[in-house]
Amino acid sequence: EIHIKEPIEKEVNPRLLPGELLLCEASTVYKYVQEDGSNRGTYGKLICTNFKIAFLDDDSASDDNELQLKNKIVGENDITLQCVDQIYGVYDEKKKLLTGQLRKYPEKLIIYCKDLRVFHFCLRYTKEEEVKRIVSGIVHHSQTPKLLKRLFLFSYASAAPNNTGKYGRNQTVMFDTLEDWRDELERTKGNVKYKAVAINEGYRVSEKLPLYFVVPICVSEENILKYEGRGIPIWCWSCHNGAALLKMSAFPKEQDDSTSQTQKAFLDGICKTISKAPYELLKTDDLSSSLPSLQDIQTAYTRFKQLFLIDNSTDFWATDVKWFSLLESTNWLEIIRRVLKKAIEVAECLERQHTNVLLIEESATDMCCVISTLVQVMMDSYSRTKTGFQSLIQKEWVIGGHGFLDRCNHLHKSDKEEAPVFLLLLNCVWQLVQQYPPAFEFTETYLTVLSDSLYVPIFSTFFFNSQHQKDTNTSGESLKTQSGPFRFLTVWDWSVQFDPKAQAFLNNPLYAEKPKPDKSQRKTARFKHQRQLSLPLTQTKSSTKRGFFREETDHFIKNLLGKRIGKFINSSDEPPNSFREFYDSWHSKPVDYHGLLLPCIDGPEIKVWAQRYLRWIPEAQLHGGGTIATAAKILDLMEEVQSLQVKMDEEHSQAV
């Protein structure tokens, strides 16, 4: 049966952003509600602009009071062009991937999004002309290669009122000035052995490097210039004991002998200089050999996301039966575990062995960013505040030169370059946030919203490959309102996307402000939805002994898993016991939420980030429950406490 909602009487006009243009539209499109097998849904208009695909029905017109909690830029029925993952057409009940030119037009359109939403549109009742226009328009604008300057980012920047000045520089550190780097050196007390250099001004060393960066004091400017910045240890962070985390982009592997000989001599020279006093001993770690490749990460994530891009409830229950084996076979959780384990190894060198760690990778802009960020989140409590975390992403990723444009494939240039490296980082940070909630000033909702912002092209933060690329494309004439460079928004100005009421959900009300040596705050039991989100062996209550095996675990499982878990614990080349001992001794002590934090990485401790991956699947929801509902209650309570405090203060001052 088809429940038909009367086609719209009143004209619904799309809300367009500055610089947004309507490109094509189709009316009497039927959007299915996915919850069950019935064909329930609603009629409306499907439009495509240079920013998004949107479905407008009569609900879109009504201004309800829930707007305060909604995203102001991207509505529930909006899909930014960058957020479209794949588009399928349905022809006689068969699904076919749509790309490029179409000979025949489908009767149904299914759009899979990168934030894991799935939209089903039925085009049977739409005029044929309109179907052709809207389908080819959507496929063309979201799937074909684009020029950088054609990104909506530029249309928006040139048309939007110039209000970007109001975002205070007092909060997130942008790391685009020499001052910012000097302040960071001072904050981490690294300024004794390291210096900020401006040798790359005008990008004369390399277009890959930022304008300003930090190197050991003993490294000369001529050395930096010699190989365009390759083979130079670049400073990331200094530990309280003086040991530092450094990164270096390696020399290309395929080269003739004489070149590689001179490069090797050059490297040895550099390493000798920074291993001598006053520097600590140096341990190098080539991440390209010790961590999964970008190809592995891309393959695993592609498999993993298929578990959540579900067409209907029948599919959901079909995957539910084989949930654990499907989850295991994607290898995504295993990659997260390996990355966290590597970060713990690095933390051990810095914290316990007082050794400098030099991370090496071909361009030092992929796994180097992941590991250095994680190490800082684990070791530096400032990185666990909202401002600190944002400054860290800015430092290691945005200015550090992670190729967001290529890795997210925003321009649909080449699938070979695509890999969800930044998402991998957010998944790893989420593991820490959910294992130690009081240690973080931000919430998992903050991480989810940040992951969604990856596809919103009104912010420049995630839409360039390097600072050089951004700088060279910033100069440009915009519309009459202003001449001169584009003024881009930064994603860290959350007020662009959310009203204050919604922003409250990004902050953790239970953040442990000051370190209190209170031992009662151990991990509490958490309710688990019937679809477990980690591989089996999880217990509902946390065991008192936080060692490797729970005492309750029976002998059989120990034998079974001992063989399997043994594999990844001893997979590193160093003696496994030093890592294990460091890990176990830390876990046997009470947690200091402002000190070192080590994630639990044994067996079932690595979980699926349910909020991000299951949020659109009705079957997986707890109605009126879940973390957001809890957060809302806590926020209400806090407001009440604060208002009572104000009243008490007033009474008190009157009495005085």
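Author: In this predicted model, a residue is called buried when its relative accessible area is under 20%.

Reader: How many residues of helix 12 are buried?

Author: Helix 12 covers residues 367-379. The helix is largely enclosed by the rest of the structure, because its buried residues number 13 of the 13.

Reader: How far apart are the end C-alpha atoms of helix 12?

Author: The expected span follows from 1.5 Å a residue, which for the 13 residues of helix 12 gives 18 Å. The model agrees with this, as the end C-alpha atoms are apart by 18 Å.

Reader: Which residues of helix 10 are buried, and where do they sit around the axis?

Author: In helix 10, residues 323-330, the buried residues are Trp323, Leu327 and Thr330. They cover an arc of only 65 degrees around the axis, so they lie on the same side of helix 10.

Reader: What covers the buried residues of helix 10?

Author: The cover includes three helices. These are helix 8 (294-306), helix 9 (313-321) and helix 11 (332-351).

Reader: Which residue just after helix 10 takes a positive phi?

Author: The position to look at comes just after helix 10. The phi there is positive, about 75 degrees, and the residue is Asn331.

Reader: Which residues of strand 12 are buried on one side, and which on the other?

Author: In a regular strand the side chains alternate between the two faces of the sheet. Strand 12, residues 244-249, has 6 of its 6 residues buried, so it is largely enclosed by the rest of the structure. Both faces are covered: on one side the buried residues are Ala244, Leu246 and Met248, and on the other Leu245, Lys247 and Ser249.

Reader: In what sense does strand 12 pair with strand 11, and in what sense with strand 14?

Author: Strand 11 (residues 234-238) is joined to strand 12 over 4 bridges in the antiparallel sense, with Ser238 opposite Ala244. Strand 14 (residues 356-361) is joined to strand 12 over 5 bridges, and there Ser249 has Glu361 as its bridge partner. The sense is antiparallel with strand 11 and parallel with strand 14.

Reader: Which residue in the hairpin of strand 11 and strand 12 takes a positive phi?

Author: The hairpin has 5 residues between the strands. A positive phi near 95 degrees is taken there by Gly242.

Reader: Is Glu444 buried or exposed, and which side chain does it join in a polar contact?

Author: Glu444 lies in helix 16 (residues 444-453). Its relative accessible area is 15%, so Glu444 is buried. Not counting residues up to four places away in sequence, Glu444 touches Trp430, Val433, Trp609, Gln611 and Thr627. The polar contact, at 2.7 Å, is with the side chain of Trp430.

Technical notes: Residues numbered from 1 in each chain as written. Predicted model: local features only at pLDDT ≥ 70, side-chain atom pairs only at ≥ 80, totals over all residues. Heavy atoms only, no water. Buried < 20%, exposed > 50% of the residue type's maximum accessible area, 1.4 Å probe, protein only. Helix = DSSP H or I, 4+ residues; strand = E, 2+ residues; numbered from the N terminus. Arc of directions from axis to C-beta. Contact = heavy atoms within 4.5 Å. Expected span 1.5 Å × (residues − 1). Pairing = 2+ DSSP bridges. Polar contact = N/O pair within 3.5 Å; in protein donor to acceptor, adjacent residues only side chain to side chain.
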